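Welcome, and thanks for opening the viewer. Could you walk me through this structure, one selection after another, and tell me what is there at each stop?

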Amino acid sequence: MLDEQGLPSFSSTYMWQLRTGRADNPTKKHMDGLAAFFGVPEDYWSNRATASSVNGLIARLNGFKESGTNPDQLHRQLESLTKLMTKGVTPEVLNEQLETLARLHEAGVTADTLKRLQDARVTGIAMRAVGLSDKGITAATAMIDQVRRLEGLSEPEPSDESPA
């Protein structure tokens, strides 16, 4: 699998020797290849603090499995987090971001919804609602629902929160 990804590889015999303790000094090139393969920082194998931080991120990411996130998506996310760590973003900040993502996910916000919220036109509509009265928000919601029906879109899930 390392070969398939263009990473430094070694024989299955050498891997067996490492796993059984018959070989105990892999090269840095091999360790860096394994780190790249698993999506962890290169110092994961030699730095306990890094390993502890990454293991915490992995545990947090694994919590998304229950909601149907597939392993490939989780692996890509871990690779993204690792890149951020190498750029100086602290594990605490990454954990906070994952916590926010978990809360959004629990509230039913999907990755597709987050992607659509990056559209300035969509967020512009939401920002225009700031400051409206309850009556104004109700009217705006009714208009948007009518446009959704005209475009053949499904009704959005009703919000549990009442307008402020």
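Start with the whole chain in cartoon view and follow it from the N terminus: the elements run α-α-α-α-α-α-α-α. That makes eight helices and zero strands. Please keep in mind that this is a predicted model.

**Stop 1: the overall outline.** Turn the C-alpha trace around and look along its principal axes, where the protein chain spans about 75 × 30 × 25 Å. The radius of gyration is 23 Å, whereas a compact globule of 164 residues would come in near 15 Å. Now switch on the surface. The protein chain exposes about 12200 Å², and carbon and sulfur atoms supply 55% of that area. Of the 164 residues, 21% count as buried. If you display contacts between residues with a separation of 6 or more, 43% of them join residues 24 or more positions apart.

**Stop 2: the largest nonpolar core.** Hide the surface and select Val-40, Val-54, Leu-57, Leu-61, Phe-64, Leu-81 and Leu-98; of the 15 residues in the largest nonpolar core, these touch the most other members. Then colour α3 (48-62), α4 (71-86) and α5, the elements that give two or more residues to this core.

Zoom in on Val-40. Which residues is Val-40 in contact with, leaving aside its neighbours within four places in sequence? They are Ala-35, Trp-45, Val-54, Leu-78 and Thr-82.

Next, look for a second, separate core of eight residues. To find this second core, select Leu-2, Ala-23, Leu-34 and Phe-37, which are among its members.

**Stop 3: a patch on the outside.** Bring the surface back and select Leu-101, Leu-114, Leu-117 and Val-122. Together they make a nonpolar surface patch of about 260 Å². One of them, Leu-101, belongs to helix α5, which covers residues 91-106.

Is Leu-101 buried, partly exposed or exposed? Its relative accessible area is 31%, so Leu-101 is partly exposed: buried would mean under 20%, and exposed over 50%.

**Stop 4: helix α8.** Move on to residues 134-150, which form helix α8, and pick out Ala-140 within that helix. Ala-140 has a relative accessibility of 27%, and therefore counts as partly exposed.

Finally, add Ile-125 to the selection and draw a distance line between the two C-alpha atoms. Ala-140 and Ile-125 are 15 residues apart along the chain, and their C-alpha atoms are separated by 9.8 Å.

Note on methods. Residues are numbered from 1 along each chain as its sequence is written. This is a predicted model: local features need pLDDT of at least 70, side-chain atom pairs count only at pLDDT 80 or more; totals for chains, interfaces and linings use all residues. Side-chain values use heavy atoms; hydrogens and water are left out. Patches are made of residues with over 30% relative accessible area and no salt bridge: like charges are joined within 9 Å, nonpolar side chains (Val, Leu, Ile, Met, Phe, Trp, Tyr) within 5 Å. Accessible areas come from the Shrake-Rupley method with a 1.4 Å probe; for residues, only the protein chains shown count as cover. A salt bridge is a side-chain nitrogen of Lys or Arg within 4 Å of a carboxyl oxygen of Asp or Glu. Helices (H or I, at least four residues) and strands (E, at least two) are DSSP runs, numbered from the N terminus. Buried means under 20% relative accessible area, exposed over 50%, partly exposed in between (1.4 Å probe, protein chains only). The radius of gyration is taken over C-alpha atoms; the globule rule is 2.2 Å times the number of residues to the power 0.38. Contact means heavy atoms within 4.5 Å. A nonpolar core is a set of buried Ala, Val, Leu, Ile, Met, Phe, Trp, Tyr and Cys residues joined through side-chain atoms within 4.5 Å.
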